[in-house]
Amino acid sequence: MTEPVLSLEHATRRYGGFTAVDDLSFAVRPGEIYGFLGQNGAGKTTTLRMIMDIVPPTSGTVRVLGSTSPRNVRRRVGYLPEERGLYRKMKAADSIAYFARLKGVPRAEARSRADALLERFGLGEFRKTKIEALSKGMAQKVQLLSVIAHEPELLILDEPFSGLDPVNQQLLEDMIGELRAGGRTIVFSTHVMEHAERLCDRFLMIAHGKKVFEGTLAEARALDGERLVLVTPDDPAPLRGVPGIASIAPLGGERFALLLNEGADSQAILAACLQHGVTVNGFGADATSLHELFFRFAGASPAPDVQREAA
Amino acid sequence: MALWQLIAQEYRKYVLTRGFLLFLLIIPVSALFGVAAGYLNAVSQPVRAFTVIDQTGRYGAEIDQVIENRRVRREIETWDAYVTGLEAVRDREFDLPEAFRPTEDDLTLDRRAAFAEAGGIEAANAAIAEQLPPGTPPAEAPRHTLRRIEPPADVPLSGDLAAAAAALRPYLNGERQLPANEAEDASQLFAALLIPADFDADGEDAQFWTTNLADVDLREALREALTSALKRSAYAEQGLPADAVAEIEMIDAPLATYKSDSEGDEEAGFAEFAALYIPLALAYLLLVMIMSVGGMLLTSTVEEKSNKIVEVLLSSVSAGELMAGKLIGLALVGVTAPVLFLLAGFAGLTLFGGADEAVVAIRDVLFGSPLVPLFFFYFVVGYVMFASLYLAVGAMSSSIQDAQSFVGPMTIVLILPLPFLQQVVQDPNGLVARILTWIPIYTPYAVMMRINQGLPLWELLGATLLLVAFTGVILFFMGRIYRNGVLSSGGAPKLKDAVRLASTSA
């Protein structure tokens, strides 16, 4: 196994009496897209700030690109914070060049990279436009470009999709894919499970500052157990107690999830449905979505904003 | 490296703005306006024709004398300014007769008489002409704007003054023109002075008639003439001859100023006054700079904080670098305007050939005293102390409105000693001066003003150590507040939060 690009060992961060991140350990491998999932306030941003050495951990170790002092490798890391901003009076190309220069890129190089990036992402004509005159989507793109202009090996994106319309969300997904293809390692946090499901190789889920799961989607599903989806206008209550069915959960509408015990026979369960007079409009195996897994693992009650953004 | 970027960014952000460029323009433009207004005023001032109906027959000569004195006075003032300006520009002293030599003191009667006797401004121009390169424009005599004319023929000169006034009204109100030959270039009567036959200090009033009450020049001249005439007759009644009175009135006590602790027994000169006024100027510059740069520090910090730019910045540079970048970058913004104006002034002097003298004077002042570098030391320390306070307030605020609640009291504390500065200047080792010296936030001001005035060494060292220590402590805790504050969100800063942030190490 290659050396991880980024690892946390028993990292804890307290603000006064409040523990934002509690004994968190995980590792990100080179070249992967690593999803960082958690509710608002779960400790995502604090963890990412510890990685960037903006706040130091109260205890534990943070190792980035082989260094325990992330400050030393700052120039090889790009960081897009959750709440974004640029100098409103600065021009697009100047903004990108400025942040690249702060990361040690020489002046002429920074300027030419800024122009090239804007050109490549369809903003060439806005090079000399002030940020305040750009649309929100364009400004977000400029911000992302300013984070990658110094060609970082590791890219940390905090909620990169929030506030983007679907078209720009797709553009960003493409960009992230392209960066991975270029050999970068990408860590991004989100509470929108669809993006994570599509993009990420592996996930970390945290709740209340603690790790609740780390691994691939398949591993998460395996942990969760097999399930069937039954579509019926009737009440499936009579199916309780049928051998092989561990529990029944409504999925909304006429859909119900039947969680199965290990080794349960789905044919026998279908037979049981007919036997108990439950109308079967649909029946079949179903891969649990990350969305549901998240609720399961994080033990979270669907907070209104999570529900809305996930919908 | 990154620090340099931060400084350049702060500097560019404020200097390359329309507002700053306009600000740079305002001062030369307003100076030009001032000059233009003065010039227009001098050129366009109308000739004021006035007439006097004097039933006593005693005051006409006195009035003419006062008007003439005023004219000579203006002529001398014009001439002196002309010569002083030429001497500064050519860097030489002209060889002139005593009557034409400019004086720094107020105009004496002697000088006035001598100047007029020597032939006035025309003779003066002739005296200097050979010493000037050909083509130099001569001094121009100011226009003579007050002119006394004879009353129009149809105005009754004796009898009831009311009749005379009634006859004069159409002329004063512009309903009738003056006869062309009488008035020369003035066609309308500006004012009339009517002196009744029994006019006296405690007799009947003289009457001044005009439509223009705003222009008091003429009225004051006439009042002066009548007053001095009345005084002279009063002196004569007491038995004092007119000559003796005039001589007594010319007495002016000679008083030379020496500085007891400066070398030599020469009269106090430029260096002594420079030593007094440079610290005063620096103290005010410090105050002005803190007030203006403080606002920029606030907006810059609050903008980065509310835009969340600060988080991106902090992923690239440390909070300490960020703070230093702001302090230095904005200090440079603060001195840009004064430096530009100085350079412009210097360029102007070079153009007119007076630069050498100015350089010598500036060098003498800057390097003549070992104390001058100290002024700059206090200037820098004072700036760092106050600027870090503003930074900390900015770091704790999410918006400018939030910041205002802290800035108000800070500004008051900052300008509190202003009323006392005069006292410090006049009594540099008095109680007020000593108290201000030992309050660190006022130490830079107080020491700058006392250092040339026999400030005891132990006080200087003690207060300076205290100031440096205090500034160090302020910088340390404000740095903490800045580091901890810029990432937190919340409303207006509270003292409680400040204490909490300052006591958190990271």
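Buried area is the accessible area (1.4 Å probe) that two parts lose on being put together, summed over both. The views below come from a predicted model.

**View 1. The interface between chain B and chain A buries about 2200 Å².** Carbon and sulfur atoms give 55% of that area. On the chain B side, 20 residues take part, in contact with 24 residues of chain A. The count of residue pairs in polar contact between the two chains is 7, with both partners at pLDDT 80 or more. Three helices of chain B each supply at least two residues of the side that touches chain A: α1 (2-15), α10 (270-306) and α11 (309-314). By class, this side of chain B has 9 nonpolar, 6 polar and 5 charged residues.

**View 2. One salt bridge crosses the interface of chain B and chain A.** Its partners are B:E311 and A:R49. Their closest N and O atoms are 2.9 Å apart. Over all chains, a search of the whole structure finds 31 salt bridges.

**View 3. B:K13 and B:E303 form a salt bridge within chain B.** The closest N and O atoms are 3.7 Å apart. B:K13 lies in helix α1 of chain B and B:E303 in helix α10, so the pair ties together parts that are 290 residues apart in sequence. B:E303 is partly exposed, at a relative accessible area of 22%. The cut-off matters here: buried means under 20%, so B:E303 falls outside that class.

**View 4. B:D215 and B:R48 join a loop to a strand by a salt bridge.** The closest N and O atoms of the pair are 2.5 Å apart. B:D215 sits in the loop between β4 (207-210) and α8 (217-237) of chain B. B:R48 belongs to strand β1 (residues 48-54) of chain B. The pair therefore ties together parts that are 167 residues apart in sequence. The two partners fall into separate accessibility classes: B:D215 is partly exposed at 23%, whereas B:R48 is buried at 16%.

**View 5. B:D80 and B:R111 meet in a salt bridge between two helices.** The N to O distance is 3.0 Å. B:D80 lies in helix α3 (residues 60-90) of chain B, and B:R111 in helix α4 (residues 109-117), so the pair ties together parts that are 31 residues apart in sequence. Relative accessibility is 11% for B:D80, which counts as buried. B:R111 also counts as buried, at 8%.

**View 6. Salt bridges that share partners join five residues of chain B into one network.** The members are B:E10, B:K13, B:E303, B:E304 and B:K326. The pair B:K13 and B:E303 from View 3 belongs to this network.

**View 7. Chain B as a whole has 20 helices and 4 strands.** Of its 506 residues, 41% count as buried. Among contacts in chain B with a separation of 6 or more, residues 24 or more positions apart account for 71%. The accessible surface of chain B comes to about 27400 Å². Carbon and sulfur atoms hold 62% of it.

**View 8. Chain A as a whole has 10 helices and 13 strands.** Half of the chain is buried: 50% of its 311 residues. Residues 24 or more positions apart account for 67% of the contacts in chain A with a separation of 6 or more. The accessible surface of chain A is about 13800 Å², and 50% belongs to carbon and sulfur atoms.

**View 9. A:T190 is a buried residue of a chain A strand.** The strand is β7 (residues 185-190). The relative accessible area of A:T190 is 1%. Leaving aside neighbours within four places in sequence, A:T190 is in contact with A:F36, A:L37, A:G38, A:K44, A:E159 and A:A196.

**View 10. A:D23 has a positive phi in a residue other than glycine.** The value is near 50 degrees. A:D23 is placed in strand β2 (residues 18-28) of chain A. Its relative accessible area is 43%, so A:D23 is partly exposed.

**View 11. A:E151 has a positive phi although it is not a glycine.** The angle is about 50 degrees. A:E151 is found in the loop between α4 (136-148) and β6 (154-158) of chain A. At 46% relative accessibility, this residue counts as partly exposed.

Terms used. Residues numbered from 1 in each chain as written. Chains lettered and ligands numbered in written order. Predicted model: local features only at pLDDT ≥ 70, side-chain atom pairs only at ≥ 80, totals over all residues. Heavy atoms only, no water. Contact = heavy atoms within 4.5 Å. Salt bridge = Lys/Arg side-chain N within 4 Å of Asp/Glu carboxyl O. Polar contact = N/O pair within 3.5 Å; in protein donor to acceptor, adjacent residues only side chain to side chain. Nonpolar A, V, L, I, M, F, W, Y, C, P; charged D, E, K, R; others polar. Buried < 20%, exposed > 50% of the residue type's maximum accessible area, 1.4 Å probe, protein only. Areas by Shrake-Rupley, 256 points an atom, 1.4 Å probe, with all protein chains shown as cover.
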